[in-house]
Amino acid sequence: MITPENCRIGEYIREFRAQTLPVSEEQKRRIDCLYETGMLERKDFAGLIEEREETSAAYIAAKARERQREHFGTKVYLRGLIEFSNICASNCLYCGIRRDNAKAVRYRLGEEAILDCCRAGYGFGFRTFVLQSGEDPWWTDERICSLIQRIRGEFPDCAITLSIGEKTKESYRSYYEAGADRYLLRHETASPELYRRLHPPAQTLQDRIRCLHDLKEIGYQIGAGMMVEAPGQTTEDLVRDLFFLKELQPDMIGIGPFIPHSDTPFGNEKAGSVDLTLFLLSVLRLMFPKVLLPATTALGTVDPRGREKGILAGANVIMPNLSPGDVRGKYLLYDNKICTGDDPEKCSRCMELRMKSIGYAISEERGDAPGWSRRV
Ligand code: SF4
């Protein structure tokens, strides 16, 4: 049933009301300070998050769009995501393809199949390929390097992003030397206690942070980020994430709401909210005006217009799926993931229209972090 709460007109009315009602003095002070300085004290971050409501959300989103437009105009960068293996030796408690999920239907793409995805994506205008997988031991460093070299050789004008988990510094260096440019490794939470709750004892926050520093030192553009409203997460944990990111200074930040997967230990937990995720996207845009900030698939999963809302909250990247149709439905980190049935052409056309509908345009540039250049 269509109600003012769920129809599009209802959304516009709420947005309009939020933009015209005054923001509380305290929230305005915090947001203006964040806009001017890029940082707040811990207690102000906590207050900003806890006292958020429609009017301050609309106000911070408008400020975030100002920053976004100053640096990127109305451009949105595309990243073509190729999920090439859902086999994982790790066992993160929230993840649908964790090692112990015996119900996950496993697959692994070979080099040729991955190159076919890149070829198709290139034809649709993608200039970044994101190679993502579980921590799959079959994909040795040698195989990964060979894959990178082939992609680099065939698509010299494209960026290659890896998202294949925790490795040694030597491994990271070999991928970089083979031609990889960027690496995504979400820190998930900067709070040691929460990290322990979300991961088995063998996986530590210390290792995760070591990996991020190694990647940065080698010369990658690095991406970190956290889950929003993971089970047991507090406002204090989120504030910790913001301080951690400020110190790390990543080039990309990926955040998305926690979404439970029914075959994991967190199967009965509540999903994270769209509102808080959007609010944090705006906070991050004000903290890092030039950062590459995706409106994630997870956001689109919890809200059909989540990705458009993410862009309007300050994000500037979207990551459509380029994986072959027969495996898309198997890379299920969480339940009800969207876009598992569409082919890449339909997906990129859909994104183009979605962006156009909110006054933004897909860019065919690589979209590197401003100022980044490759260390030879
Ligand atoms: S989050 Fe990544 S490392 Fe953890 S179980 Fe899932 S695929 Fe493996």
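## Working through a predicted model

Let's start with a glycine: Gly 38 has 13 C-beta neighbours inside 10 Å, so it counts as partly exposed. Keep in mind throughout that this is a predicted model.

### Exercise 1: placing Gly 38

**Task.** Work out which loop holds Gly 38, which residues Gly 38 touches beyond its sequence neighbours, and how many Å separate Gly 38 from Tyr 77.

**Solution.**
- Step 1: find the loop. Gly 38 sits between α2 and α3.
- Step 2: check the class. A residue needs 20 or more other C-beta atoms within 10 Å to be buried, and 12 or fewer to be exposed. With its 13 neighbours, Gly 38 therefore lands in the partly exposed class.
- Step 3: list the contacts. Leaving out residues up to four places away in sequence, Gly 38 touches Leu 286 and Met 287.
- Step 4: take the distance to Tyr 77. The two are 39 residues apart along the chain, and their C-alpha atoms are 23 Å apart in space.

### Exercise 2: the two domains

**Task.** Say where the domain bounds fall, then describe the side of domain 1 that touches domain 2.

**Solution.**
- Step 1: split the chain. The domain assignment gives domain 1 as 8-67 and domain 2 as 68-363.
- Step 2: get the spacing. The C-alpha centres of the two domains lie 27 Å apart.
- Step 3: count who takes part. Domain 1 puts 18 residues into the contact, and domain 2 puts in 22.
- Step 4: assign the domain 1 side to helices. α2 (25-37), α3 (42-50) and α4 (54-72) each supply at least two residues. The biggest share comes from α4, with 8 residues.
- Step 5: look at the chemistry. That side of domain 1 breaks down into 10 nonpolar, 1 polar and 7 charged residues.

### Exercise 3: a three-stranded sheet

**Task.** Put β1, β10 and β11 in order, then find the bridge partners of Lys 75 and Tyr 77.

**Solution.**
- Step 1: write down the order. The open sheet reads β10-β1-β11, with parallel pairing.
- Step 2: mark the edges. β10 (317-318) and β11 (361-363) are the edge strands, each pairing on one side only.
- Step 3: follow β1 (residues 75-78) towards β11. The two strands run parallel and are joined by 3 bridges; Lys 75 has Ala 361 as its partner in β11.
- Step 4: go the other way. Here 2 bridges link β1 to β10, again in parallel, and Tyr 77 has Val 317 as its partner in β10.
- Step 5: add the helix. α15 (residues 344-357) lies across β1, β10 and β11, at about 130 degrees to β11.

### Exercise 4: strand β2

**Task.** Is β2 mostly covered or uncovered, and what stands opposite Leu 81 in β3?

**Solution.**
- Step 1: count buried residues. In β2 (residues 80-85), 6 of 6 are buried, so to speak of the strand as mostly covered is fair.
- Step 2: find the pairing. β2 and β3 (residues 128-133) run parallel, joined by 5 bridges.
- Step 3: pick out the pair. Leu 81 faces Val 130 in β3.

### Exercise 5: the whole chain

**Task.** Why does the radius of gyration of the protein chain agree with a compact globule?

**Solution.**
- Step 1: compare the values. A compact globule of 376 residues would come out near 21 Å, and the protein chain has 20 Å, so the two agree.
- Step 2: add the box. The C-alpha atoms fill roughly 60 × 45 × 45 Å along the principal axes.
- Step 3: check burial. Of the 376 residues, 46% count as buried.
- Step 4: take stock of the elements. The chain has 15 helices and 11 strands.

Definitions and conventions
Residues are numbered from 1 along each chain as its sequence is written. This is a predicted model: local features need pLDDT of at least 70, side-chain atom pairs count only at pLDDT 80 or more; totals for chains, interfaces and linings use all residues. Two strands pair if DSSP finds at least two bridges between them. Helices (H or I, at least four residues) and strands (E, at least two) are DSSP runs, numbered from the N terminus. Two residues are in contact if their C-beta atoms, placed from the backbone, lie within 7 Å. Axes are lines fitted to C-alpha atoms, for helices over the stretch in contact, and angles run from 0 to 180 degrees between N-to-C directions. The radius of gyration is taken over C-alpha atoms; the globule rule is 2.2 Å times the number of residues to the power 0.38. Domain bounds come from an automatic or database domain assignment. Ala, Val, Leu, Ile, Met, Phe, Trp, Tyr, Cys and Pro count as nonpolar, Asp, Glu, Lys and Arg as charged, and the others, Gly among them, as polar.
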